[in-house]
Amino acid sequence: MDRPETFYITTPIFYPNAKLHMGHAYTTTVSDILARYNRLAGKDAYLLTGSDENTEKLVRAAEAAGKDPKEYLGEIVEGFKDLYAKLGISYDQFIRTTDEERHWRGAQEFWKRLVAAGDIEKRSYEGLYCVGHEAFITEKDLVDGKCPDHNEAPMRLREENYFFKLSKYTGEIKRKIESGELEILPVARKNEILALLERGLEDISFSRPADKMTLGIPVPDDPSQKIYVWGDALTNYVTALGFGTEDDGLFRKFWPADVHVIGKDILRFHAAIWPGMLLSAGLPLPKRLLVHGFITSGGKKMSKSLGNVVDPLELIGEYGAEAVRYFLARHISPFEDGDLTPDGFKEAYNANLANGLGNLVNRVMKMAESNLDAPVEIRDEGMPREYKIAFESFNPQAAAEAVWNLIGQADKTIQELQPFKLVKDHPMQAKEIIAGLVQQVYSIGKLLEPLMPETSAAILASVAANKMPEKPLFMRKD
């Protein structure tokens, strides 16, 4: 028997210095939707997520909270997992970069490969260091002398660090992106990184003095230095699979990744630095990057000062996780910025879930329960072409649109044929129409599985029992 085709998908690993926001929820939900679709399509899919824990941001946040970093870290990571559980994220592994057995061993093995390739060199370096980014930045990154992301002036630091010879791989990375061997979606992001590569990559600092990093992985054979963020955070994609350990079966099975799902703010790290590291280490590059935009609110970046932050947990509490998954899938593009406001969310919920999907399922199954003697013999109609094309193009929004087109078609059938009226004078004809509608509801429920798994399960159970759902789907919010 042939082994099923594999599909390896990753989210970025997020900083555990604060609770997750809507952008994190979006990245992770899109990744989960893509993983679930590929499982539905018969593939052996593996979804990786995790937390980037060897960071001074964590230490500062713990100090501000008056807690031990380890205690603080545990609470924040549990918060990550709680949100993921509420959203129904079906991850196969949650990697933590403080995992010395798995992650540290793999990251140190990766470092050794870069050394063996002649691509690690110790140098004295002076530059501008942004505390918020925990990274060296350049003058051209500044706006009015400050980091635009953190509105703070960087510090000037002089350190002796190990450097990775990234510049050496500029041409090869460029060729692999141009040829499509490393696919970058959407094309606008591909063009953005190609413009950067055209200017040429610079070598990057790859370690920091151990006395400057409270947390971190020791550099092999030099405990005076710790591995800097690139060699620590980015390597999680392979260390989680057992790279560099005896237990590397997952790595041999799933690498290279089919897709890294990332936000546009970390494109350079994943499309320039990470490919260079992999080329140096003699490992295959990931097949593609799916680069999404930001979620704004009222057309502006969410911020506490503007008072426009929309908390995913609050939305889940008010509308349920399935409604949040629906909105993120259908109303936010995976390729550009999207907007989410409380009023816009409520409007979409009422129009498309309460009055749309929920109303359709409740009406059809009420007619079926009242007029059909037994459950309908369901035909597996497979996936509509546009639905498959959408998912194969890594576009959950288009896939959701395909499902809602089917909902619209079923609503139109009810309006035009009016089986609820026919049942009195033409019962056999009415039953035939109702049975057809049940088949349509089943197909809709099946296609919703990647997008809204709990709703899908409720619909399929309702069809199998020939009864209305145990509780009405999506009650209207006034």
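**Exercise 1. Which residues in H4 meet which residues in H10?**

Before we start, a word on the model: it is predicted, so local features need pLDDT of at least 70 and side-chain atom pairs count only at pLDDT 80 or more, while totals for chains, interfaces and linings use all residues. Residues are numbered from 1 along each chain as its sequence is written, and side-chain values use heavy atoms, with hydrogens and water left out.

*Solution.*
- Step 1: find the elements. Helices (H or I, at least four residues) and strands (E, at least two) are DSSP runs, numbered from the N terminus. H4 spans residues 100-116, and helix H10 covers residues 267-281.
- Step 2: list the contacts, meaning heavy atoms within 4.5 Å. From H4 come Phe110, Arg113 and Leu114, and they meet Trp274, Met277, Leu278, Ser280 and Ala281 in H10.
- Step 3: sort them by class. Ala, Val, Leu, Ile, Met, Phe, Trp, Tyr, Cys and Pro count as nonpolar, Asp, Glu, Lys and Arg as charged, and the others, Gly among them, as polar. The contact of H4 with H10 then has six nonpolar residues, one polar and one charged.
- Step 4: get the geometry. Axes are lines fitted to C-alpha atoms, for helices over the stretch in contact, and angles run from 0 to 180 degrees between N-to-C directions. H4 and H10 pack at about 70°, with axes 8 Å apart. H4 is therefore roughly perpendicular to H10. For the wording, angles under 35 degrees count as roughly parallel, over 145 as roughly antiparallel, 65 to 115 as roughly perpendicular and the rest as oblique.

**Exercise 2. Describe how H13 packs on H17.**

*Solution.*
- Step 1: take the angle. Helix H13 (residues 342-371) and helix H17 (residues 427-447) have axes 9 Å apart and an angle of about 140°. That angle is why H13 counts as oblique to H17.
- Step 2: find the handedness. A crossing is left-handed if the near helix is turned anticlockwise from the far one by less than a right angle, and right-handed if clockwise. H13 passes H17 in a left-handed crossing.
- Step 3: name the partners. On the H13 side are Leu357, Leu360, Val361, Val364, Met365, Met367, Ala368 and Asn371, which meet Lys431, Ile434, Leu437, Val438, Val441 and Ile444 of H17. The residues of this contact of H13 with H17 divide into twelve nonpolar, one polar and one charged.

**Exercise 3. Do the same for H14 and H15.**

*Solution.*
- Step 1: the axes of helix H14 (residues 385-392) and helix H15 (residues 396-417) lie 7 Å apart, at an angle of about 165°. H14 is therefore roughly antiparallel to H15.
- Step 2: the crossing of H14 past H15 is left-handed.
- Step 3: Glu386, Tyr387, Ala390 and Phe391 of H14 meet Pro396, Ala398, Ala399, Ala402 and Val403 of H15. By class, the contact of H14 with H15 has eight nonpolar residues, no polar ones and one charged.

**Exercise 4. Which residues line the second largest cavity?**

*Solution.*
- Step 1: set the rule. On a 1 Å grid over the protein atoms alone, a cavity is a set of points where a 1.4 Å probe fits but cannot get out, and a pocket is an open set with protein on both sides within 12 Å along at least five of seven lines; lining residues have an atom within 4 Å of a point. Grid points are joined across faces, edges and corners, and a volume is the space filled by probe spheres set on the points.
- Step 2: the count is two cavities of 30 Å³ or more, and the second largest has about 30 Å³.
- Step 3: its lining is made up of Ala107, Phe110, Trp111, Leu114, Phe206, Ile227, Gly231, Thr235 and Met277. H4 gives the most to this lining, with four residues.
- Step 4: this lining has seven nonpolar, two polar and no charged residues.
- Step 5: turn to the largest cavity, with about 120 Å³ of space. Its lining has five nonpolar, two polar and five charged residues, including Asp52, Glu56, Glu134, Arg208 and Asp232.

**Exercise 5. Find the two cis peptide bonds at Pro186 and Pro256.**

*Solution.*
- Step 1: Leu185 and Pro186 are joined by a cis peptide bond with omega of about -5°. Pro186 sits in the loop between strand S7 (183-185) and helix H6 (187-199).
- Step 2: Trp255 and Pro256 are joined by a cis bond too, with omega of about 10°. Pro256 is in the loop between helix H9 (249-254) and strand S12 (259-263).
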